[in-house]
Amino acid sequence: MNSFDWIVLLVTMVGIAAYGAWHTRHTDHLDTYLKGSNATRWGTIGISVMATQASAITFLSIPGQGFESGIGFVQNYFGLPLALIIVCAFFLPIYRKLGVYTAYEFLGQRFDAKTRLLGAGLFLLQRGLAAGVTIYAPAIILATVLGWRLDLTIIATGLLVIIYTVTGGSAAVSLTQKWQMGIIFGGMVIAFAVLLMKLPAGLGFSGAAHIAGAMGKLQAVDFSFAPDKRYTLWTGLIGGLFLSLSYFGTDQSQVQRYIGGAALREGRLGLMFNALLKIPMQFSILLLGALLFVFYQFQPAPVFYNRVEWQQHATGANAATFHGLEEKKAALHAVKQEKIRIWLDVRSRGDTVAETAARAAMLQAETATEAVRNEAKAALAAADPLAKTKDSDYVFIGFVLDYLPHGLIGLLVAVMIAAALGSKAGELNALGTTTTIDLWRQFRPLAAHDEARNVRAAKWFTAFWGIVAIAFALFAGFSENLIEAINIIGSIFYGVVLGIFLVAFFLKRVGGTAVFWAAIIAQTIIFAIYLLRHRFPNLDFSYLWYNLIGCTACVVMSLMIQAVLPRAENRVSNL
Amino acid sequence: MKAPPPDPAADDKFPGVPGFCTWRGVYFFVFAFFVLVVVLLALFSRWFA
């Protein structure tokens, strides 16, 4: 990055944060601080919902996922539109009708204080853990490739988001997310266009897509029922439905984005906007990764894409081994390029028999190249057991730094940081709000009527969670596969929380005591499955199923416990 | 004479989206669009396989 990139980066990031903080500095009403302006329209709500979900990892890891495994990850989002329809039809009208600040406040009104505390506690636990990952994930990648200090990157981005989120609350979060998403969309469209322009002459999008398809990178929908496959149509539809329903319907970081606004209509339209756009958006980002794979077939591709990590170990005693692997990869890469050109040539001539043979040769060359990459990863692990051997997160940022002109590099780094700030702000805002409304006010009921004191408490709690997230990111060691780490943490808790809410909405005869104990048992089952999955291979299935199991266990246990409870505990809810 | 203020509850009953009279219609459209996207993705995979 040169000084022009730094100017673009700092002006966009600090400018948006300062604008958000300045514009919302007089937010003194609790309603506006926690729910945002009551004049907010559906467009702002829709973008805010999207920005809260789309963290920096979306723009760093997902192109890498498309590069490495193809676009099949898009199936993870198949349950999302269906979940958003359910949230619009059932969840949102009740939240609006009751005028709650948090989703867990609804649990208090429907059940009792202990169930409300349980729901809020599970949210604070899982979101507090995820908050550390969302700040750490982009920081580790940007710090590695740009040579920044990791601790300063975490602290700088963390403090920036704390300042405007504490100052303006929900109003500042929505306002800044709108501008941040503008930068993100603009930057990604430009990166896509530059990538297409840099493909070999005459190849174009269609030719590149055919190469990606022939190499197995464009298998978007997998209809198989194999339970060991992580992403299929069925895991996406069923597991994804439960994950999305829980995330959008019961996670305060999302609920807070749409319960405010001018009317119920605005929240509904904002969610429908996401239901329409989310799958095409994720598909585009994955496709960018698949096209990057094609791009690197015609360029000198590194043996390992986290070049900083590679260089750290490629000297001294291991120099000969690492150098040998680089040369082996370069030779096989040249062979593969030739095989691809032959395949393109016979394909254009329409010779089906020769095309089949050429494709087999091309795939064989790809397998040989991948084998060397795996050898390289094994050599890294042998040289240093703590070395990071997953490099797909570094593919897109490496392309940005190597092939984009100055100015655009600054803009694309701004895209990553904007995404980090946008999702982080939504999380901090929700953590602060839940702590204030569901914990602090529960234990200080007399303070509930003092609006100014409530706003002050919400600001302090928001800052507190921001500092916790920074500390967690600074001192915790995280799994390398960051996007999956967040989804796994979510899936462990989300199913049970969703079960509590489904009982609340649809099983009017079940009371607080039954659902409380059912949730405790269901959560214990999920923890047991997660912890014992390596010991019992039957339990080692896709984490998306945790959502379904946790939710079903909670609902079924609630009905069973309610059936055996004394008559006094049986009541029919009016909500 | 001043016009009465708009009733938010009445506004909520209608989506106010051109071409749609009810929320059920909006949901059906979103669902149909989702099905179309999945079909197009399957065709895309098949076309470039």
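**Exercise 1. Which residue takes a positive phi just after H9(A), and of about what value?**

Solution. In this predicted model, the backbone is followed to the end of helix H9 of chain A, which covers residues 204-214. Just after H9(A) comes Gly216(A), whose phi is positive and about 80°.

**Exercise 2. Determine whether His210(A) is buried or exposed, and place His210(A) in its surroundings.**

Solution. Begin with the secondary structure: His210(A) belongs to helix H9 of chain A. Next, take the neighbour count and compare it with the cut-off, under which a residue is buried if 20 or more other C-beta atoms lie within 10 Å of its own. His210(A) has 20 C-beta neighbours inside 10 Å and therefore counts as buried. As a further step, look along the chain and then through space: Val294(A) is 84 residues away from His210(A) in sequence, while their C-alpha atoms are 9.6 Å apart.

**Exercise 3. List the buried residues of H9(A) and find what covers them.**

Solution. The buried residues of this helix are Ala208(A), Ala209(A), His210(A), Ile211(A), Ala212(A), Gly213(A) and Ala214(A). Their cover includes, from chain A, helix H12 (264-297), helix H14 (319-349) and helix H15 (352-383), and, from chain B, helix H2 (23-48).

**Exercise 4. Describe how the two domains of chain A touch, and identify what H9(A) gives to the contact.**

Solution. The domain assignment divides chain A into domain 1 (3-296 + 399-477) and domain 2 (307-387), and the C-alpha centres of these two domains lie 36 Å apart. The contact takes 6 residues from domain 1 of chain A and 7 residues from domain 2 of chain A. On the domain 1 side, the elements that give two or more residues are helix H7 (113-146) and H9 of chain A, and H9(A) supplies the largest share, 3 residues. Sorted by character, the residues of this domain 1 side are 4 nonpolar, 2 polar and no charged.

**Exercise 5. Work out which element of chain B gives the most to the side that touches chain A.**

Solution. Chain B has 49 residues, of which 18% count as buried, and its secondary structure consists of 2 helices and 0 strands. Turning to the interface, 20 residues of chain B are in contact with 23 residues of chain A. Helix H1 (8-13) and H2 of chain B are the elements that give two or more residues to the chain B side, and H2(B) gives the most, with 14 residues. The last step is composition: the chain B side divides into 16 nonpolar, 2 polar and 2 charged residues.

Terms used: Residues numbered from 1 in each chain as written. Chains lettered and ligands numbered in written order. Predicted model: local features only at pLDDT ≥ 70, side-chain atom pairs only at ≥ 80, totals over all residues. Helix = DSSP H or I, 4+ residues; strand = E, 2+ residues; numbered from the N terminus. Buried ≥ 20, exposed ≤ 12 C-beta atoms within 10 Å, placed from the backbone. Domains from an automatic or database assignment. Nonpolar A, V, L, I, M, F, W, Y, C, P; charged D, E, K, R; others polar.
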